[in-house]
Structure formats: structure tokens, C-alpha cells
Amino acid sequence: MHKVIVEKECGCFKRSDLQNNLEFNSKDDALSKAIQMKNQMNLEFCKKHEFDLVEHGNNFVIDFRQEAPSSCCGSGCCS
């Protein structure tokens, strides 16, 4: 069993028609749905957050993208 999990449900997610903790028999189906959800969230939500997708075992987790450290100079060396 493979799951699509939204780690932190922001207000936009709660107001959307998207569902959390979806289960799929197929890894490909779960990945396809996770990518579709992440893209929809990044395109349609309020833009206060940017969402990333990470695979953890049998789960695909959508979470807020990690922000660069506030002391980052922007040259890419801090990533």
C-alpha cells in the first residue's frame, strides 16, 4: 500500500477539495496523484508557501519547501 500524505495542512489546503492520506495499491498511481496535487497546490494556493514532494518508504509526502538560511548570500553556496 502506498500513501500520499500532506505533512502540514495549511489553510488553503483545508479550504480546497483535496484530501489527505490517500492510499493506492500501485506506487505509480500514488506518485502520479502526489505530483498532480503538489503542482495544483503550487499553482492555485495563495503563494505564501511553496510545496515539495519527497518519497519516504511507501509514502509520498508533500510538505512546505525548506527555506534557505536567512544568512544566505544568494550565490547558491548555502544550499
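The hairpin of β3 and β4 has just two residues between its strands, and Gly57 takes a positive phi there, near 60°. This is a predicted model, so that turn and everything below should be read as such. The two arms of the hairpin, β3 and β4 (residues 59-64), run antiparallel to each other and are joined over six bridges. Within that ladder, Val54 has Val61 of β4 as its bridge partner. Asp52, for its part, faces Asp63 in β4.

Stepping back from the hairpin, the chain holds two helices and four strands. Read from the N terminus, the elements come in the order β-α-β-α-β-β. The strands of a sheet can pair in a parallel or an antiparallel way, through backbone hydrogen bonds. Here the four strands make an open sheet with mixed pairing, laid out as β2-β1-β4-β3. The edge places go to β2 (22-24) and β3 (51-56); each has a single partner strand, so one side of each has no neighbour in the sheet. Averaged over the sheet and ignoring direction, neighbouring strands are turned by 20° against each other.

Helix α2 (residues 27-44) lies across β1 (2-6), β2, β3 and β4, and runs at about 160° to β3. With its 18 residues, α2 spans 25 Å from first C-alpha to last, close to the 26 Å expected at 1.5 Å a residue. At the start of the helix, a side-chain oxygen of Ser26 comes to within 3.2 Å of the backbone nitrogen of Asp28. The buried residues of α2 are Ala30, Ala34, Met37, Lys38, Gln40, Met41 and Asn42, a list that includes a lysine as well as alanines and methionines. These buried residues pack against β1, α1 (11-15), β2, β3 and β4.

Two buried strand residues give a closer look at how the sheet and α2 meet. Phe60 sits in strand β4 and is buried, because its relative accessible area is 3%, under the 20% cut-off. Beyond its neighbours within four places in sequence, Phe60 touches Lys3, Val4 and Ile5, then Lys27, Ala30, Leu31 and Ala34, and finally Leu53, Val54 and Glu55. Of these contacts, Ala30 and Ala34 are among the buried residues of α2, and Val54 is the residue whose bridge partner is Val61.

The other residue is His2, which belongs to strand β1. His2 also counts as buried, because a relative accessible area of 13% falls under 20%. A polar atom of the His2 side chain lies 3.4 Å from the backbone oxygen of Asn58. Apart from neighbours within four places in sequence, the contacts of His2 are Leu22, Glu23, Phe24, Asn25, Ser26, Lys27, Ala30 and Asn58. Lys27 and Ala30 thus appear in the contact list of His2 and also in that of Phe60. His2 and Phe60 are 58 residues apart along the chain, yet their C-alpha atoms are separated by 7.7 Å.

Such long-range pairs show up in the totals too: of the contacts in the chain with a separation of 6 or more, 44% link residues 24 or more positions apart. Of the chain's 79 residues, 30% count as buried. The accessible surface comes to about 5400 Å², with 45% of that belonging to carbon and sulfur atoms.

Finally, a couple of loop residues have backbone angles worth a glance. Asn21, in the loop between α1 and β2, has a phi near 60°, a positive value in a residue other than glycine. Asn21 is partly exposed, with a relative accessible area of 41%. Lys47, in the loop between α2 and β3, likewise has a positive phi without being a glycine, in this case near 75°. At 53% relative accessibility, Lys47 counts as exposed.

Technical notes: Residues numbered from 1 in each chain as written. Predicted model: local features only at pLDDT ≥ 70, side-chain atom pairs only at ≥ 80, totals over all residues. Heavy atoms only, no water. Pairing = 2+ DSSP bridges. Axes fitted to C-alpha atoms, helices over the stretch in contact; angles between N-to-C directions. Contact = heavy atoms within 4.5 Å. Buried < 20%, exposed > 50% of the residue type's maximum accessible area, 1.4 Å probe, protein only. Areas by Shrake-Rupley, 256 points an atom, 1.4 Å probe, with all protein chains shown as cover. Polar contact = N/O pair within 3.5 Å; in protein donor to acceptor, adjacent residues only side chain to side chain. Expected span 1.5 Å × (residues − 1).
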